[in-house]
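Trainee: Got a minute to go through this one with me? I'd like to start from one helix and work outwards.
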Amino acid sequence: MSMIKLESTSGPISSRAVLTRGLWHENPVLVQTLGLCSALAVTNAVANSLAMGLATTFVLVASSIIVSTMRKIIPYEIRITTYILIIATFLAIADLVLEALVPDVHKAMGPYIALIITNCIVLGRQEAFASRQPVGLSIMDALGNGIGFTIALLLMGIPREVLGNGTFLDMRVMPATFEPWIVMVLPPGGFFMIGVLLLFVNWHDLRRTARERAHQSAASAGATGRPPRERGGEAAA
Amino acid sequence: MRDHFFIVVSAAIVTNFVLVYFLGLCPVIGVTNKSATGVRLGLATTFVMVLASLAAWVLNSFVLGAVPFLRVIAFVVAIASIVQIVELFVKKATPALYRELGIFLPLIASNSQVLGLTIFQTNRGYTLLEGLLFAVGGGLGITAVLALVGGIRERMEFAPVPAVARGPALVFMIVAMLSLVFMGFAGMA
């Protein structure tokens with residue numbers, strides 16, 4: 001989508017910063033609203049969320065390594081097709097490995113494993129980062145984004161399974177008298193959950209902006225504060 | 001005949017691609033803020049889906065029998081080529097429509113709806129006719145949802161939305177309501 005930020009090549013970037021920013025401040029799901037199809041479809045159980053997160057992380061890291069290594073050879077005009085073929089290769093590996101290791105989870109995730117390929121996060125990181133940065137940094141960036149994606153999936157998967165089924169990783173955690181909220185494991189529950197998470201992110205963001213502004217106006221009384229950042233408008237553009 | 005009818009209805013309403021299968025959420029969240037845009041994008045997607053369904057059937061029946069693990073790669077390449085051809089065709093045949101759809105057409109290539117359609121169709125072992133009906137039904141369902149969300153967002157422009165709910169958060173809540181509504185059809189097929 002349009003708000004994938006292109007990495008400027010000027011100036012060194014610390015690998016630590018590259019790794020950590022994907023976790024929260026630039027979290028691919030919660031802040032950039034990317035990769036939602038797979039994020040919503042599989043998060044009705046914690047096991048599926050974890051499997052999807054790890055599979056996506058694997059595909060992301062492996063394709064970033066290849067793309068970053070070959071970034072000087074890949075012709076600009078057919079770069080997207082090349083990235084897609086590289087991603088599809090690792091996707092086939094991830095698919096076969098999941099089928100062999102956890103057949104139940106693989107079955108529950110159904111076609112959504114194959115749909116990792118249309119996950120904007122994976123292609124987005126190749127285009128925005130791996131295609132213009134050295135291998136080491138690209139691995140860090142891919143790891144950060146992959147783990148950030150996994151965290152977001154778990155933030156959705158855990159409440160959905162606990163509330164919707166009364167279980168956590170198939171172990172009963174709610175008292176026997178608890179009436180499961182079936183809607184949470186059904187499709188509407190997924191939309192509600194991401195809506196609630198985004199509300200929380202918005203709230204957190206507004207509070208931070210307000211605090212920064214208060215800080216600024218306290219520091220320089222009379223000076224005009226920075227206008228509040230409009231996350232909504234930016235993401236919907 | 002009855003089965004064919006059910007394939008169309010269930011693809012369009014009961015298992016709606018957007019609201020039940022979570023496919024193609026980027027256009028719903030990012031692109032559709034007008035009803036008319038939604039309808040146009042939905043119909044373009046439907047058109048690509050029908051062609052992709054045909055291509056996937058041909059690939060499955062004649063090419064991919066021996067190498068099922070190449071399925072996703074083959075489908076992705078086929079869909080990208082179809083979108084490219086459609087884009088060239090529309091550009092040449094009706095420049096006006098091309099200008100209108102310009103930005104949406106390439107987006108369809110990376111749309112999970114089309115890939116999802118080909119994979120579902122393969123997994124369920126649909127025949128050629130069933131696959132095409134599935135594509136038409138699914139596409140119409142997508143068009144309906146895009147039009148509904150677009151219409152609601154048009155009205156939302158004038159609503160006093162609290163700052164904390166602005167942007168995708170509110171759209172997701174609305175889509176959740178729509179999804180809840182569509183769950184009412186769950187027993188139908």
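Mentor: Fine. This is a predicted model. Start with H8(A), where the buried residues are A:Pro187, A:Pro188, A:Gly189, A:Gly190, A:Phe191, A:Phe192, A:Met193, A:Ile194, A:Gly195, A:Leu198, A:Val201 and A:Asn202.

Trainee: How many residues does H8(A) have, and how far does it reach?
Mentor: H8(A) has 33 residues and spans 48 Å from its first C-alpha to its last, close to the 48 Å expected at 1.5 Å a residue.

Trainee: At what angle does it pack with H9 of chain B?
Mentor: H8 of chain A, residues 187-219, and H9 of chain B, residues 168-183, pack at about 165°, and their axes are 8 Å apart.

Trainee: Roughly parallel or roughly antiparallel, then?
Mentor: Roughly antiparallel, because the angle is over 145 degrees. The crossing of H8(A) past H9(B) is left-handed.

Trainee: Which residues make that contact?
Mentor: From H8(A), A:Pro187, A:Pro188, A:Phe191, A:Phe192, A:Ile194, A:Gly195, A:Leu198, A:Leu199 and A:Asn202. From H9(B), B:Pro168, B:Ala169, B:Phe172, B:Met173, B:Val175, B:Ala176, B:Ser179, B:Leu180 and B:Met183.

Trainee: And by class?
Mentor: This helix contact has 15 nonpolar residues, three polar and no charged.

Trainee: What about the chains as wholes, how many residues are in contact?
Mentor: 36 residues of chain B are in contact with 37 of chain A. On the chain B side, H2 (25-31), H4 (71-93), H7 (112-123) and H9 each supply at least two residues.

Trainee: Which element gives the largest share of that side?
Mentor: H9(B), with nine residues. By class, the side of chain B that touches chain A divides into 27 nonpolar, eight polar and one charged.

Trainee: Changing topic. What is chain A built from?
Mentor: Nine helices and two strands. From the N terminus, the order is α-α-α-α-α-α-α-β-β-α-α.

Trainee: How much of chain A is buried?
Mentor: Buried residues make up 44% of its 237 residues. Among contacts in chain A between residues at least 6 apart in sequence, 76% join residues at least 24 apart.

Trainee: I also flagged A:Ala62. Where is it?
Mentor: A:Ala62 is in helix H3 of chain A, residues 46-69.

Trainee: Why does A:Ala62 count as partly exposed?
Mentor: Because A:Ala62 has 19 C-beta neighbours inside 10 Å, and a buried residue needs 20 or more.

Trainee: How far is A:Ala62 from A:Thr89?
Mentor: They are 27 residues apart in sequence and 9.8 Å apart in space, C-alpha to C-alpha.

How values were computed
Residues numbered from 1 in each chain as written. Chains lettered and ligands numbered in written order. Predicted model: local features only at pLDDT ≥ 70, side-chain atom pairs only at ≥ 80, totals over all residues. Axes fitted to C-alpha atoms, helices over the stretch in contact; angles between N-to-C directions. Helix = DSSP H or I, 4+ residues; strand = E, 2+ residues; numbered from the N terminus. Parallel < 35°, antiparallel > 145°, perpendicular 65-115°, else oblique. Left-handed = near helix turned anticlockwise from the far one by under 90°. Contact = placed C-beta atoms within 7 Å. Nonpolar A, V, L, I, M, F, W, Y, C, P; charged D, E, K, R; others polar. Expected span 1.5 Å × (residues − 1). Buried ≥ 20, exposed ≤ 12 C-beta atoms within 10 Å, placed from the backbone.
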